[in-house]
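Good morning, everyone, and thank you for making time for this. I would like to walk you through one model slowly, so please keep the sequence and the picture open while I talk.

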Amino acid sequence: MDSKLKRIYVPMTESGFYILFCLHEPQHGYGISQQVRHMTNGELIISAGTMYGTLSKMEKDGLISFVKETEKRKLYQITATGKEILELELHRIERLYKNSKGEIIHE
Amino acid sequence: MNKTMIRFFTIFDYEEEENWLREQHKKGWKLIKMKLCFYVFEKCTLEDVIYRLDYKNNTENSSYYQMFQDYGWEYISQWFGWLYFRKPLANAEQDTEIFSDNISRLDMLRHIYMTRMLPLLIIFLCCVLPNFFIFLKPEHPYDMILTVMFSVLLLLYIGLLTYCGIKLQKLRKKYRKD
């Protein structure tokens, strides 16, 4: 994977993380925001402009790809590169969590 | 009934513009369209409605409007790369912003700077300023009038650029802080 992508996306913003995570299934912008609202019990709200900007950027960087358009809504899905990035980010979060509980990582 | 109001906001005064439009709506005037510094309003019932401006400069695609509509934003008008949206506060469900993080706010600032302010700066340094120095050596007495006119324009230009520069720094600081 491109080390430039790694530098940009790891660590990721909270919105970026949830958007990428939700795109394991094809979904459009507003659908993602509703899903995130539900998952986080309304604690994380991703607004329209942020959603649109993040999706455009992630598509340009090849983390997600356009699937199809239904009723003027663009559906996206995560790509192999996107999954790799998400995996790296998950690993990082896991380490943070374990360390915060006093665990030491042995690889 | 319609009315037109004249207001001047610079490229970095969009937050003031949003607040001003919200105030107008509270007084019963809703925005229909805007061009340059002319705002056309229509009489409406008094309501607290949030106005938001997005700067896309024609980079938006067809799904952009649908997404904003899904989020409950009513598209009003656009001018020179700026898009105007509104949403009644009553159905906002805590989502009163079009940007939910400062990274996207800073992205918009950068976009405005690169496509609006930077060209003005380049024109200023490469055309306005060199031309001014040519005018400074008047050959006919009547060139003096032109020199005076040019000086006034130059001062206006410098004033506007300085104001925009200070405002840009203020916004950057604000978005980086919280």
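Before anything else, one term: two strands count as paired if DSSP finds at least two bridges between them. Please also keep in mind that this is a predicted model.

With that term in hand, let us begin in chain B, where strand β1 (residues 2-6) is joined to strand β3 (residues 38-43) by five bridges, the two strands running antiparallel. To see one of those partnerships, find Asn2(B), whose bridge partner in β3(B) is Glu42(B). In general, the strands of a sheet pair through backbone hydrogen bonds, either parallel or antiparallel.

Now, how many bridges link β2(B) to β3(B)? Strand β2 (residues 29-35) of chain B pairs with β3(B) over six bridges, in the antiparallel sense, and within β3(B) it is Val40(B) that serves as the bridge partner of Lys33(B). These two strands, β2(B) and β3(B), form a hairpin with two residues between them, and in that turn Leu36(B) has a positive phi of about 55°.

Further along chain B there is an open sheet of three strands, in the order β4-β6-β5, with antiparallel pairing. Its edge strands are β4 (49-55) and β5 (74-79) of chain B, each of which pairs on one side only. Neighbouring strands in this sheet are turned against each other by 25° on average, if direction is ignored. Between β4(B) and strand β6 (residues 82-88) of chain B there are seven bridges, again in the antiparallel sense, and Leu53(B) has Tyr84(B) as its bridge partner in β6(B).

Let me turn to chain A, where helix α2 (residues 14-22) and helix α3 (residues 29-39) pack at an angle of about 110°, with their axes 10 Å apart. Angles from 65 to 115 degrees count as roughly perpendicular, and therefore α2(A) is roughly perpendicular to α3(A). On the α2(A) side, Tyr18(A), Ile19(A) and Cys22(A) meet Ile32(A), Gln35(A) and Val36(A) of α3(A). By class, this contact holds five nonpolar residues, one polar residue and no charged ones.

Finally, where do the two chains come together? In all, 20 residues of chain B are in contact with 17 residues of chain A. On the side of chain B that touches chain A, the elements giving two or more residues are α2 (62-70) and α3 (102-135) of chain B, and α2(B) gives the most, with seven residues. The residues on that side of chain B divide into eight nonpolar, six polar and six charged.

Methods:
Residues are numbered from 1 along each chain as its sequence is written. Chains are lettered from A and ligands numbered from 1 in the order in which they are written. This is a predicted model: local features need pLDDT of at least 70, side-chain atom pairs count only at pLDDT 80 or more; totals for chains, interfaces and linings use all residues. Axes are lines fitted to C-alpha atoms, for helices over the stretch in contact, and angles run from 0 to 180 degrees between N-to-C directions. Helices (H or I, at least four residues) and strands (E, at least two) are DSSP runs, numbered from the N terminus. Angles under 35 degrees count as roughly parallel, over 145 as roughly antiparallel, 65 to 115 as roughly perpendicular and the rest as oblique. Two residues are in contact if their C-beta atoms, placed from the backbone, lie within 7 Å. Ala, Val, Leu, Ile, Met, Phe, Trp, Tyr, Cys and Pro count as nonpolar, Asp, Glu, Lys and Arg as charged, and the others, Gly among them, as polar.
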